[in-house]
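Here is a short report on one protein chain. Keep the sequence and the 3D view open while reading.

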Amino acid sequence: EIKAIAAAVARRGMSIPAIFFLEAHKPLTSIVNFTAQLCAPVLIPLFGRSKMEEISRLLEEPGKVEALIQELERLRESGQN
């Protein structure tokens, strides 16, 4: 799940902006997760239930956000940006 997200971000050449964004908003992950769950009835038709569940699982634990950051950095260093 984390590797797939990181690979998709890297394919689009957005690793550096994603790393900056995630680092800046890491302390807010619980608030963002709560807001996403609150807005789920509006967001599910736009993104689909499976994508919303994936985002929610990612934001549940700060450790997962950190793992995503580390995977993005690993891909960037290996030249897969």
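## Ala18 in helix α2

Ala18 sits in helix α2. The model is a predicted one. Ala18 has a relative accessibility of 17%. The limit for a buried residue is under 20%, so Ala18 counts as buried.

What does Ala18 touch, leaving aside its neighbours within four places in sequence? Its contacts are Val9 and Leu72. A further distance links this part of helix α2 to a distant stretch of sequence. Ala18 and Gln70 are 52 residues apart along the chain, and their C-alpha atoms are separated by 11 Å.

## Overall fold

The protein chain has 6 helices and 0 strands. Along the sequence the pattern reads α-α-α-α-α-α.

The C-alpha trace spans about 40 × 25 × 20 Å along its principal axes. How does the radius of gyration compare with that of a compact globule? For 81 residues, such a globule would have a value near 12 Å. The protein chain has 13 Å, which agrees.

Contacts tell a related story. Take those in the protein chain with a separation of 6 or more: residues 24 or more positions apart account for 77% of them. Buried residues make up 28% of the 81 residues. The protein chain exposes about 5,400 Å², and carbon and sulfur atoms supply 62% of that area.

## The nonpolar core

The largest nonpolar core has 14 residues. Those with the most contacts inside it are Ala6, Leu22, Leu58, Val65, Leu68, Ile69 and Leu72. Which helices each supply at least two residues of this core? They are α1 (2-11), α2 (15-25), α5 (49-60) and α6 (62-77). Helix α6 gives the most, with 5 residues.

Leu58 is one of the core residues with the most contacts. Leave aside its neighbours within four places in sequence, and Leu58 is in contact with Glu1, Ile2, Ile5, Lys64, Val65 and Leu68. Val65 and Leu68 are also on the list of core residues with the most contacts.

## Salt bridges around Lys26

Side chains of opposite charge can pair when their charged atoms come close. The structure holds 3 salt bridges. Lys26 takes part in a bridge with Glu23, where the closest N and O atoms are 3.3 Å apart. Lys26 also forms a bridge with Glu66, with the closest N and O atoms 2.5 Å apart. Lys26 lies in the loop between α2 and α3 and Glu66 lies in helix α6, so this pair ties together parts that are 40 residues apart in sequence.

Glu23, Lys26 and Glu66 are thus linked in a network of salt bridges. How accessible are its members? Lys26 is partly exposed at 22% relative accessibility. Glu23 is partly exposed too, with a relative accessible area of 35%. Glu66, at 24%, is also partly exposed.

## Glu71: a buried charge

Is Glu71 buried or exposed? Its relative accessibility is 10%, so Glu71 counts as buried. Glu71 lies in helix α6. Leaving aside neighbours within four places in sequence, Glu71 is in contact with Ile2, Lys3 and Ala6. Ala6 is among the core residues with the most contacts.

Glu71 forms a salt bridge with Arg74. The closest N and O atoms of this pair are 2.7 Å apart. Both residues lie in helix α6, 3 residues apart, which is about one turn of the helix. Glu71 is buried, whereas Arg74 is partly exposed at 41% relative accessibility.

## A nonpolar surface patch

Where do nonpolar side chains form a patch? Leu28, Ile31 and Val32 do so on the surface. Together these three residues have about 250 Å² of accessible area.

Ile31 is found in helix α3 (residues 29-38). Its relative accessible area is 51%. Exposed means over 50%, so Ile31 counts as exposed.

Definitions and conventions. Residues are numbered from 1 along each chain as its sequence is written. This is a predicted model: local features need pLDDT of at least 70, side-chain atom pairs count only at pLDDT 80 or more; totals for chains, interfaces and linings use all residues. Side-chain values use heavy atoms; hydrogens and water are left out. Patches are made of residues with over 30% relative accessible area and no salt bridge: like charges are joined within 9 Å, nonpolar side chains (Val, Leu, Ile, Met, Phe, Trp, Tyr) within 5 Å. Accessible areas come from the Shrake-Rupley method with a 1.4 Å probe; for residues, only the protein chains shown count as cover. A salt bridge is a side-chain nitrogen of Lys or Arg within 4 Å of a carboxyl oxygen of Asp or Glu. Helices (H or I, at least four residues) and strands (E, at least two) are DSSP runs, numbered from the N terminus. Buried means under 20% relative accessible area, exposed over 50%, partly exposed in between (1.4 Å probe, protein chains only). A nonpolar core is a set of buried Ala, Val, Leu, Ile, Met, Phe, Trp, Tyr and Cys residues joined through side-chain atoms within 4.5 Å. Contact means heavy atoms within 4.5 Å. The radius of gyration is taken over C-alpha atoms; the globule rule is 2.2 Å times the number of residues to the power 0.38.
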